Amino acid sequence: MPRLPEAPSAGPATRRMSPMRMCMKAQVPADGATNISDEEWPARLKQMLDMLKPEAAYFFPQDGMRTMMIFFDMEDVSMMPVISNPMFDDVHAKITFSPAMNLDDLMAGLKKAQNNR
């Protein structure tokens, strides 16, 4: 079974920022038309979750598809293809990435917004 590629290293032109909490929503067609077997899928999913070290991961049916929402800290935006390409190729997933906040983040942002008025 192929392994997920390692995270790209920060080159001299890469600007480092603090990690950003992301929500990745992935939807996999339920028709079974994938490039991996049903037996391989749990191992691939575990490999991805081990790499992402998510704060939370939820799995549910939505829009007639197998859906997962994974909340994790993205160290660098260049990780998007590293994370998504295997899912595009293996299970034909539809993937979206969105920044996400917890309550502490929201309160800090609201305070900053109010101070900027």
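Which residue's side chain meets that of Asp 50 in a salt bridge? The partner is Lys 46, and the N to O distance is 2.8 Å. Keep in mind that this is a predicted model.

## Getting your bearings

Let's start with the overall layout. The protein chain has 3 helices and 4 strands. Reading from the N terminus, you meet them in the order β-α-β-β-α-β-α. The chain has 117 residues, and 30% of them count as buried.

## How the strands pair up

Strand 1 covers residues 20-29, and it pairs with strand 3 in the antiparallel sense, over 10 bridges. If you'd like one spot to look at, find Val 28, which stands opposite Arg 66 in strand 3.

Strand 3 also pairs with strand 2 (residues 56-62): these two run antiparallel and are joined by 7 bridges. Here Gln 62 has Met 65 of strand 3 as its bridge partner. Strand 2 and strand 3 form a hairpin with 2 residues between the strands, and in that hairpin Asp 63 takes a positive phi near 55°.

## Salt bridges: the short-range one

Now back to the charged pairs. Side chains of opposite charge can pair when their charged atoms come close. Searching the whole structure turns up 5 salt bridges.

The pair from the opening, Asp 50 and Lys 46, sits within helix 1, and because the two are 4 residues apart there, about one helical turn separates them. An α-helix has 3.6 residues a turn, so residues three or four places apart point the same way. As for cover, Asp 50 is partly exposed, because its relative accessible area is 43% and the partly exposed range lies between 20% and 50%.

## Salt bridges: the long-range ones

Other pairs reach across the sequence. Arg 44 forms a salt bridge with Asp 90, and their closest N and O atoms are 2.3 Å apart. Arg 44 belongs to helix 1 and Asp 90 to helix 2, so this pair ties together parts that lie 46 residues apart in sequence. Both Arg 44 and Asp 90 are buried.

Then there's Glu 55 with Arg 21, whose side chains meet in a salt bridge at 2.8 Å, N to O. This pair links distant parts of the chain, 34 residues apart: Glu 55 is in the loop between helix 1 (41-52) and strand 2, while Arg 21 is in strand 1. Are these two residues buried or exposed? Glu 55 counts as exposed, at 53% relative accessibility, whereas Arg 21 is buried, with a relative accessible area of 17%. There's a third member too: salt bridges that share partners join Arg 21, Glu 55 and Asp 105 into one network.

## A loop before helix 2

Next, have a look at Asp 76, in the loop between strand 3 (65-74) and helix 2 (79-91). Its relative accessible area is 15%, so Asp 76 is buried. The side chain of Asp 76 also makes a polar contact of 2.6 Å with the side chain of Ser 78.

## Helix 3 and its nonpolar patch

On to helix 3, which has 13 residues and reaches 18 Å from its first C-alpha to its last. That's close to the 18 Å expected at 1.5 Å a residue. How many of its residues are buried? The count is 0 out of 13, so helix 3 is hardly covered, given that buried means under 20% relative accessible area.

At the N-terminal end of helix 3, Asn 102 acts as a cap: one of its side-chain oxygens lies 3.1 Å from the backbone nitrogen of Asp 104. Another residue to find is Met 101, in the loop between strand 4 (94-99) and helix 3 (103-115). Met 101 counts as exposed, because its relative accessibility is 56%. Together with Leu 103, Leu 106, Met 107 and Leu 110, Met 101 makes a nonpolar surface patch of about 520 Å².

Terms used. Residues are numbered from 1 along each chain as its sequence is written. This is a predicted model: local features need pLDDT of at least 70, side-chain atom pairs count only at pLDDT 80 or more; totals for chains, interfaces and linings use all residues. Side-chain values use heavy atoms; hydrogens and water are left out. Patches are made of residues with over 30% relative accessible area and no salt bridge: like charges are joined within 9 Å, nonpolar side chains (Val, Leu, Ile, Met, Phe, Trp, Tyr) within 5 Å. Accessible areas come from the Shrake-Rupley method with a 1.4 Å probe; for residues, only the protein chains shown count as cover. A salt bridge is a side-chain nitrogen of Lys or Arg within 4 Å of a carboxyl oxygen of Asp or Glu. Buried means under 20% relative accessible area, exposed over 50%, partly exposed in between (1.4 Å probe, protein chains only). The expected span of a helix is 1.5 Å times one less than its number of residues. A polar contact is a pair of N or O atoms within 3.5 Å; within protein, one must be able to donate a hydrogen and the other to accept it, and residues adjacent in sequence count only if both atoms are side-chain atoms. Two strands pair if DSSP finds at least two bridges between them.
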